[in-house]
Amino acid sequence: MGGILLWCRGFRLLAGEPARDTVRVHRLAAERISSLQLLRRNRVRLVDELGDRINWILDHALQIQIISKDDYEDVKYNPGPRRKVRALLDIIDCRGEVVADEFCSLFDKSKDVSEKETVSKEHSTLIKKHKQVLGHRNEVMMYYNTRPGEKIHLSDQFTNLLLVKGHHSLEFKRHELLSFGQHRIHLQERSSRQMEIKPGQLFMQINDKQAPNIILVSGVAGIGKTVLLQKIVYDWANNQCFDNFEFILQFTFRELNLINKPMSFRNLILKKNGHLSKALDSIFQAADKLLIILDGFDEFKFCSCLDRDCYITDPDQEGNLVDIIHSLLRGELLIGVSVLLTSRPTAVNHIPVETVDRFVIITGFSEKEIRDFFLKYYQEEELGGQMFQQVKGNDFLFTLCFVPAFCYIVCSVLKEKEGEGQKQAKTMADIYSRYLSVLLKHHSRAQLSGEEQLTQTLRNLATLAYNKLLQHDTLFYQHDLEAHHIEPDTFVDSFLDKTSVQEPECVVSVFSFTHFTIQEFFAALHYVLEPEPFPDLMNMDTMNEYKMSSGFLDIFQRFLSGLLSDRNQALLSKHMKLDKATKSKSYCYWLLEWIRENCENGTSILNLLHCLFEQQNDSLAERVKPKNLRIHVGDNLLCPVDFSVLKYFLDMKIGDLEELDLTATNINSAALKNLQPYLHQCERLWCGENKLDFEAIKFLCELLKSPDYKLKLLGLGWTDIGNNELRELCDALKDNKTLQELWVEGNNADYDGISGFTAIPSTNTTLKKVVLIGHCLRQEDLVKLSQSMKPSNSGFLITGFSNDHGQWKGWCDWVLQRCQLCDNEKLVRFLIKIFNKFLQNQTFTWMSQWCKELQELLQDRIRKCKTEETKNKLEKLKATISWHC
């Protein structure tokens, strides 16, 4: 048919030529045949080839009036496309050469239309096939200990998860499993409808200037990030959401970690989606209709290397995986593409947050959803309800259940009746130890090989977990199992997931622990079982050598402390031999020494308090006798369990509380009231970098008015307080007899709120300094404030920097102290805020020595830093500070 159409095009060109060469025109006319003859000679081929576009030809033949309405109806109502073509050719044959010529032109155009329709049809078919592939991949949920052949369909088991738009701070709490726990209820109660987002609304415009392209979903371990993405892809594949996307490409960083050589983005896609090979060019051209899902950024082995200047701009350009991910997030690789990224909070600081259009927190189950889960798990409403009420009565267990992954583990433990004398689980290590005990009981009965071999397999798993933790690996291969003498069986399958990955020449099996916390628990178990584990992670030099960043071993250390407690030693000794005495004694000595030292230095102590809590040994806690009690739990988003741990320690009454640092902990009035009994002896209270409302300030003012409280210093810097809050503080300070310094820098008050402080010296002789730099004050306001103060009180109200070294020495010491307590990431952010907001383009004589001390601190951090990205940030900061020296 292609030849016929080409002939027709040639015929029409000849017909339109001017008769300048009469002989040539006559010769060509003699060689050609007419359109009518063409149609008659090729009738059989036309019947075969025009059937799929006869309706288009028929409609347009009527429009250009080469057939009548009666002709149209006669042809239209013929059964089948072939009969329609024959009927139309019969009509054209009777109409003469002019009509036949116009008809040839018409079916010539129909070919171009047909090709476009064919492409569109093929595109739609490919979309349908891709949805079928992704729908099949995501239709089944995997629970821990799912039996072979057992399928739990996503549509039957998925439980709703609350998504909250926005974030409290980018300084998320590190490695805190229970970060949101019961705080989820608080989020529910205070969240407006605009804050809550359903999964299908993630890319919709919600009170934004425009719909987002890059979305970060953050949540703690086990909260349901992967299952949420699974649900989103499954619903898209079934045409229930995200209909603005024609294609979704789904990746996990666990799989991406297996790529160890440069690769193009095209080949990266084809590793899992070979069926898209012919359509990728068109998919790339319509990038605004493409969604790329990247799950588990915290597991990316190059997550700390994303701050790079190397970009991949062409899908066929080969590059390192980290450059491809970086270029996608920066919008350099595919302009207009949408990206949905998930991560544990611990890795959020490594993401270029300026590229993220929307931050979303996933907060797990609600109380109702926990109860629904219990009813589904136990399959008996009465039993499920009883178990739910039992858990609800235990603050720790109930908080744990807000995390879906651990809700399952709690149910598994409670299902097993271990005797009347068994005490209720109080800590995370308790839950995991009992979970392990349950599995050991079941498998020791079922396996003919005996308990001894089962215990050896357990030890081998623990060694594997420990070694891989040191290497920051969550994935391993068959040869790793063989090296640790692990043979897959029903017991091993209780803790390991297996996936198959296509390599160039073969399919390889890749393994991981069912959850990263399971790996951390087993790593701690290895440390307990080995007389002399290598390397010794209780040694700080060893941690630095193995690039253990701040917070990386928090959960490991908590598990270790809980496993070395008397109750869990007794439980696990039923299944294996434990050298409890030596290991426990040396660990407790280590723990007490570190708590004592951190109390005296005012160094971050929260995770050590968790370790102490895991011991549940009051006599051990009472042996902590620091010379000074300074508790720093700042730079962590505190949750109810954190407060329980803090109160557990303060209840030991190990000394007067000299200092409590709650900086950047997301505290509010309720949290402060919760700590009220412990504040009456507190001399220095830091509450900065929290969003404090009027109720929180009012509560602190009540402390200042009470004669029972002995606050000497109160820090409220960067707390978003304004005029009303400052007026409340002024009123409380008029007759206060203890407070000596008040720090309220970096807030939002103006002259109306600040002017009230000028009257305080007339009634209060104790307060020596009020630091109010960084507020909304004009030059004329500063003049009026200066005129209002008596000369004897000239250093009382500090609204700007001066050259008075004595006046600023305390502030410099405070900044240095904060820097020493911060990890590297926090240190960079803190000092950038100081120099950009307060000291930009300012130099004073007192700054020179102070900046030199900061540079020495930074140089020490640079020397010890093992992460290239963070080291670069520290060096840039050091160069910035050098300008002030």
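Start by selecting helix H38, residues 845-864. At 1.5 Å a residue, its 20 residues should span 28 Å, and the end C-alpha atoms are 30 Å apart, which agrees. The model on screen is a predicted one.

Stay on H38 and colour its buried residues: Trp846, Met847, Trp850, Cys851, Leu854, Gln855, Leu857, Leu858, Arg861 and Ile862. On which side of H38 do they lie? They cover an arc of only 165° around the axis, which puts them on the same side of the helix. Now turn to the face of H38 that points away from the buried side, where the exposed residues Thr845, Glu856 and Arg863 are found.

**The whole chain**

Zoom out. The protein has 39 helices and 19 strands. Of its 885 residues, 54% count as buried. Take the contacts between residues at least 6 apart in sequence: 77% of them join residues at least 24 apart.

**Helix H11**

Select residues 225-237, which form helix H11. This helix has 13 residues and reaches 19 Å from its first C-alpha to its last, close to the 18 Å expected at 1.5 Å a residue. Eleven of the 13 residues are buried, so H11 is largely enclosed by the rest of the structure. The buried set includes the charged-name positions to look up by label, Lys225, Lys231 and Asp235, as well as Leu228, Ile232 and Trp236. Move just past the end of H11 to Asn239, which takes a positive phi of about 60°.

**Strands S5 and S9**

Next, select strand S9, residues 358-362. Five of its five residues are buried, and the strand is mostly covered. Arg358, Val360 and Ile362 point one way from S9, while Phe359 and Ile361 point the other way. Add strand S5, residues 214-218, which pairs with S9 in the parallel sense over four bridges. To find one of these bridges, pick Ile215; its partner in S9 is Arg358.

**The nonpolar cores**

In soluble globular proteins, nonpolar side chains tend to be buried together. Here the largest nonpolar core has 170 residues, and those with the most contacts inside it are Phe374, Phe522, Phe556 and Phe757. Helix H23, residues 516-529, gives the most to this core, with ten residues. A second, separate core of 44 residues includes Ile214, Leu294, Ile312 and Ile325.

Centre the view on Phe522. Leaving aside residues up to four places away in sequence, Phe522 touches Leu436, Leu458, Leu461, Ala462, Ala465, Phe495 and Phe513.

**Ser110**

Go to helix H8, residues 97-137, and pick Ser110. Is Ser110 buried or exposed? With a relative accessible area of 1%, Ser110 is buried, because the cut-off for that class is under 20%. Beyond residues up to four places away in sequence, Ser110 touches Arg53, Trp56 and Ile57. Draw a distance from the C-alpha of Ser110 to that of Leu50: the two are 60 residues apart along the chain and separated by 9.0 Å.

**Thr427**

Thr427 lies in the loop between helix H19 (404-415) and helix H20 (428-446). Its relative accessible area is 0%, so Thr427 is buried. Which side chains make polar contacts with that of Thr427? One is Arg567, at 3.4 Å, and another is Glu614, at 2.7 Å.

**The seven-stranded sheet**

Show strands S13 to S19. They form an open sheet of seven strands in the order S13-S14-S15-S16-S17-S18-S19, with parallel pairing. Strand S13 (629-632) and strand S19 (797-798) stand at the edges, each with a single partner strand, so one side of each is left without a neighbour in the sheet. Further in, select strand S15 (residues 684-686) and strand S16 (residues 713-715), which pair over three bridges. Trp686 stands opposite Gly715 in S16.

**Two aspartates in loops**

Finish with two loops that follow strands of this sheet. Asp635 lies in the loop between S13 and helix H30 (640-650), and its phi is near 65°, a positive value in a residue other than glycine. At 17% relative accessibility, Asp635 counts as buried. Asp720 is found in the loop between S16 and helix H33 (723-733), and has a positive phi of about 65° although it is not a glycine. At 45% relative accessibility, Asp720 counts as partly exposed.

Technical notes: Residues are numbered from 1 along each chain as its sequence is written. This is a predicted model: local features need pLDDT of at least 70, side-chain atom pairs count only at pLDDT 80 or more; totals for chains, interfaces and linings use all residues. Side-chain values use heavy atoms; hydrogens and water are left out. Buried means under 20% relative accessible area, exposed over 50%, partly exposed in between (1.4 Å probe, protein chains only). Contact means heavy atoms within 4.5 Å. A nonpolar core is a set of buried Ala, Val, Leu, Ile, Met, Phe, Trp, Tyr and Cys residues joined through side-chain atoms within 4.5 Å. Two strands pair if DSSP finds at least two bridges between them. The expected span of a helix is 1.5 Å times one less than its number of residues. The arc is that of the directions from the helix axis to the C-beta atoms. A polar contact is a pair of N or O atoms within 3.5 Å; within protein, one must be able to donate a hydrogen and the other to accept it, and residues adjacent in sequence count only if both atoms are side-chain atoms.
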